[in-house]
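Colleague: I should be grateful for a close look at the salt bridges of this chain and at the parts that they join. Please set out the overall arrangement beforehand, in terms that a first-year student can follow.

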Amino acid sequence: TKERLSTIKSQLKNMTNIKTGDIKLAELDRDCMFDYTQERKLQSPGVVDVTLRNEQASINAMIQYAYRKGNIHFEKLNFKKIRIRKDDIGVRSTFKLEEYDQLIKAMRSYVAQKNCPDDDERLERLMIRDYVLISSNTYLRVGEARQLTWGDIDGFEIHYDDNEKELQLVNFTVRAETSKVRRTRQMITRGAEYFIRLKKRTEFTEPHHLLFSLNGFVPLDARKWQRHWDNLMRDIGIENHKERKLSWYSLRHFGITMRVMSGV
């Protein structure tokens with residue numbers, strides 16, 4: 001995916017910050033990056049071991065590619081082993097139940113016309129609200145959700161739970177080319193009402209139009225996504241959301257957690 005490519009570029013750039021781009025492949029040897037972990041921590045004191053292990057895997061994937069192409073005479077670099085305890089990996093960052101409830105309430109105010117008289121800005125905020133609700137009900141990864149088109153939506157259904165409560169379900173497809181794991185999957189989840197509301201509000205509903213776009217073609221700018229997220233976190237009093245690593249991705253974790261708690 002576009003996001004994965006960006007990550008790989010960043011990881012390999014970290015390597016060339018240690019071994020400058022002026023060094024030729026033929027000048028490298030198996031042990032030339034043995035102290036990579038120590039050198040990276042000197043450059044970026046806050047970097048964690050899990051991140052460094054992932055970087056090393058990407059660097060060695062590049063080395064293996066160079067070896068297959070005959071550009072280098074060894075298959076992989078020797079890195080000093082990183083020992084990572086299970087507890088060091090940590091859990092995925094997500095919301096407490098009361099925090100999510102506060103987020104729902106804050107969004108009502110966030111999209112209210114009296115708080116946002118500008119029509120274009122309000123339309124954007126309404127889309128952001130539906131994105132929050134769709135993400136936490138469908139458990140989609142960020143890249144998958146933002147690349148959804150109306151052609152991916154297969155239909156809506158009404159079901160009833162054990163207490164005869166009505167549930168509006170949505171059938172949709174996650175295409176292989178937008179999936180992190182590169183596999184197409186069919187899904188049915190709750191949250192159809194948010195798709196329906198989003199569709200009624202936009203004129204761009206052809207199969208090729210993006211759901212989360214103001215014109216159907218261009219995704220919302222990354223800076224705007226971040227601005228809205230910062231605004232919402234401030235509105236619910238989570239000033240340390242960056243330290244807690246609460247992000248748009250946390251909505252996926254929250255939705256999955258709620259399904260597990262309900263016995264799924």
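Modeller: Read from its beginning to its end, the chain of this predicted model follows the order α-α-α-α-α-α-α-β-β-β-α-α-α. That amounts to 10 helices and three strands. The C-alpha trace spans about 65 × 45 × 40 Å along its principal axes. Of the 264 residues in the chain, 40% are buried. Among contacts with a separation of 6 or more, 59% are made by residues 24 or more positions apart. The accessible surface comes to about 16100 Å², and carbon and sulfur atoms account for 49% of it.

Charged side chains are the material of salt bridges, and the chain has 48 positive and 38 negative ones. The centres of these two sets lie 4 Å apart. The structure holds 16 salt bridges, and a few of them are described below.

Consider the pair formed by arginine 244 and glutamate 99, whose closest N and O atoms are 2.7 Å apart. Arginine 244 lies in the loop between α9 (222-235) and α10 (250-261), while glutamate 99 belongs to helix α5 (residues 97-111), so this salt bridge ties together parts that are 145 residues apart in sequence. How accessible are the two partners? Glutamate 99 has a relative accessible area of 9% and is therefore buried, the limit for that class being under 20%. Arginine 244, at 27% relative accessibility, counts as partly exposed.

A second pair consists of glutamate 144 and arginine 185, with a distance of 2.9 Å from N to O. This pair also links distant parts of the chain: glutamate 144 is in helix α7 (residues 142-146) and arginine 185 is in strand β3 (residues 185-190), 41 residues apart. Glutamate 144 is buried, with a relative accessible area of 2%, whereas arginine 185 is partly exposed at 24%.

A third pair is made by aspartate 221 and arginine 223, whose side chains meet at 3.0 Å, N to O. Aspartate 221 has 32% relative accessibility and counts as partly exposed. Arginine 223 has a relative accessible area of 68%, which is over the 50% limit, and so this residue is exposed.

Salt bridges may also be joined into a network, and here one links Glu121, Glu124, Arg125, Lys224 and Arg227. One of its members, glutamate 121, is placed in helix α6 (residues 119-138). Glutamate 121 counts as buried because its relative accessibility is 18%, and the class requires a value under 20%. Leaving aside residues up to four places away in sequence, glutamate 121 touches Cys116, Arg227 and His228. Arg227 thus appears both among these contacts and in the network.

The loop that carries arginine 244 lies between α9 and α10, and helix α10 deserves attention in its own right. Helix α10 has 12 residues, and the distance from its first C-alpha to its last is 16 Å, close to the 16 Å expected at 1.5 Å a residue. The buried residues in α10 are Ser250, Leu251, Arg252, His253, Phe254, Gly255 and Met258. They pack against α5, α6 and α9. Two of these neighbours have been met already: α5 contains glutamate 99, and α6 contains glutamate 121. After α10 comes glycine 263, with a positive phi near 100°.

The backbone angle phi calls for a further remark. Most residues other than glycine have a negative phi. Glutamate 164 is not a glycine, yet its phi is positive, at about 65°. Glutamate 164 is found in the loop between β1 (153-160) and β2 (166-174), and it is exposed, with a relative accessible area of 62%. Arginine 182, which is likewise not a glycine, has a positive phi of about 60°. Its place is the loop between β2 and β3, where arginine 182 is partly exposed at 42% relative accessibility.

To return to the request, the pair of arginine 244 and glutamate 99 joins a loop to helix α5, and the pair of glutamate 144 and arginine 185 joins helix α7 to strand β3. In each of these two pairs the glutamate is buried and the arginine is partly exposed.

Technical notes. Residues are numbered from 1 along each chain as its sequence is written. This is a predicted model: local features need pLDDT of at least 70, side-chain atom pairs count only at pLDDT 80 or more; totals for chains, interfaces and linings use all residues. Side-chain values use heavy atoms; hydrogens and water are left out. Helices (H or I, at least four residues) and strands (E, at least two) are DSSP runs, numbered from the N terminus. Buried means under 20% relative accessible area, exposed over 50%, partly exposed in between (1.4 Å probe, protein chains only). Contact means heavy atoms within 4.5 Å. Accessible areas come from the Shrake-Rupley method with a 1.4 Å probe; for residues, only the protein chains shown count as cover. Lys and Arg count as positive and Asp and Glu as negative; His and the chain ends are not counted. The place of a charge is taken as NZ of Lys, CZ of Arg, CG of Asp or CD of Glu. A salt bridge is a side-chain nitrogen of Lys or Arg within 4 Å of a carboxyl oxygen of Asp or Glu. The expected span of a helix is 1.5 Å times one less than its number of residues.
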